[in-house]
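User: Please take a close look at the metal site of this model, and then place that site in the wider setting of the chain. I would like one connected account rather than a list.

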Amino acid sequence: MRTVHLLMYLFTSTNVRKIGPKEFASIFYSLQSWRAIFERFDHDRSGRIDTTELREALLSLGFSVSPPILDLLVSKFDKSGGKSKAIEYDNFIECCLTVKGLTEKFKEKDTKYSGSATFTYESFMLTVLPFLIA
Ligand SMILES: [Ca+2]
């Protein structure tokens, strides 16, 4: 459900939990490409994406994140309680959408691509909260 709500938030840019046929079609096609990405990077066919596989998947999407962030992502999105140290398909989508969404929000503020940005408390909360409670 979290993944569904996050998808709906990102495809409508609102918290209205309803989508029309146009949004449905874009989400449908986007899920097909997520499935393809998942299968491409699940090298050992375990049905889960581990830290190494996630690093490659995110790189292919244009996101280079540090090892501490990768570890944090895997522990946060591994819903097996940390046992498998890997992420299942729907949580993988949510993980990538979170990285993508937060990176895009950050880049809006980091106009010089310097790797740092200034947020007011208000805009920081408004940026981050929708991803936490989607
Ligand atoms: Ca795997």
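Analyst: Along the chain, the donors of the calcium ion follow the spacing D-x1-D-x1-S-x1-R-x4-E. This is a predicted model, and every value below is computed from it. The protein donors behind that spacing are Asp42 (OD), Asp44 (OD), Ser46 (OG), Arg48 (O), Glu53 (OE) and Glu53 (OE), and they lie 2.3 to 2.6 Å from the calcium ion. Glu53 thus appears twice in the list of donors, each time through OE, whereas Arg48 is listed with O.

As for the geometry, the six donor atoms subtend angles of 52 to 154° around the calcium ion, and the arrangement is therefore irregular. Six donors would count as octahedral only if opposite donors were over 155 degrees apart and all others between 65 and 115. Because water is not among the atoms, a site of this kind may look incomplete.

Two of the donor residues can also be described by their accessibility. Serine 46 has a relative accessible area of 40%, so it is partly exposed, and arginine 48, at 26%, also counts as partly exposed. Between the donors Asp44 and Ser46 comes arginine 45, which is placed in the loop between H2 and strand E1 (49–50). Its relative accessibility of 61% means that arginine 45 counts as exposed, and its phi is near 55°, a positive value in a residue other than glycine. Most residues other than glycine have a negative phi. Tyrosine 113 also has a positive phi, of about 50°, although it is not a glycine; tyrosine 113 sits in the loop between H5 and helix H6 (121–132) and is exposed, with a relative accessible area of 64%.

Helix H2, which bounds the loop of arginine 45, spans residues 21–41 and includes phenylalanine 24. That phenylalanine is exposed, with a relative accessible area of 52%, and together with Ile19, Phe28 and Tyr29 it makes a nonpolar surface patch of about 430 Å².

For the interior, the largest nonpolar core has 25 residues, of which Trp34, Leu54, Leu58, Leu73, Ile87 and Phe92 touch the most other members. At least two residues of this core are supplied by each of helix H1 (2–12), H2, helix H3 (51–60), helix H4 (67–77) and helix H5 (89–109), and the largest share, six residues, comes from H5.

Definitions and conventions
Residues are numbered from 1 along each chain as its sequence is written. This is a predicted model: local features need pLDDT of at least 70, side-chain atom pairs count only at pLDDT 80 or more; totals for chains, interfaces and linings use all residues. Side-chain values use heavy atoms; hydrogens and water are left out. Donors are N, O and S atoms within 2.8 Å of the metal (3.2 Å for Na, K and Ca); water is not among the atoms, so sites may look incomplete. Four donors count as tetrahedral if all angles lie between 85 and 135 degrees; four count as square planar and six as octahedral if opposite donors are over 155 degrees apart and all others between 65 and 115; anything else is irregular. Buried means under 20% relative accessible area, exposed over 50%, partly exposed in between (1.4 Å probe, protein chains only). Patches are made of residues with over 30% relative accessible area and no salt bridge: like charges are joined within 9 Å, nonpolar side chains (Val, Leu, Ile, Met, Phe, Trp, Tyr) within 5 Å. Accessible areas come from the Shrake-Rupley method with a 1.4 Å probe; for residues, only the protein chains shown count as cover. A salt bridge is a side-chain nitrogen of Lys or Arg within 4 Å of a carboxyl oxygen of Asp or Glu. Helices (H or I, at least four residues) and strands (E, at least two) are DSSP runs, numbered from the N terminus. A nonpolar core is a set of buried Ala, Val, Leu, Ile, Met, Phe, Trp, Tyr and Cys residues joined through side-chain atoms within 4.5 Å.
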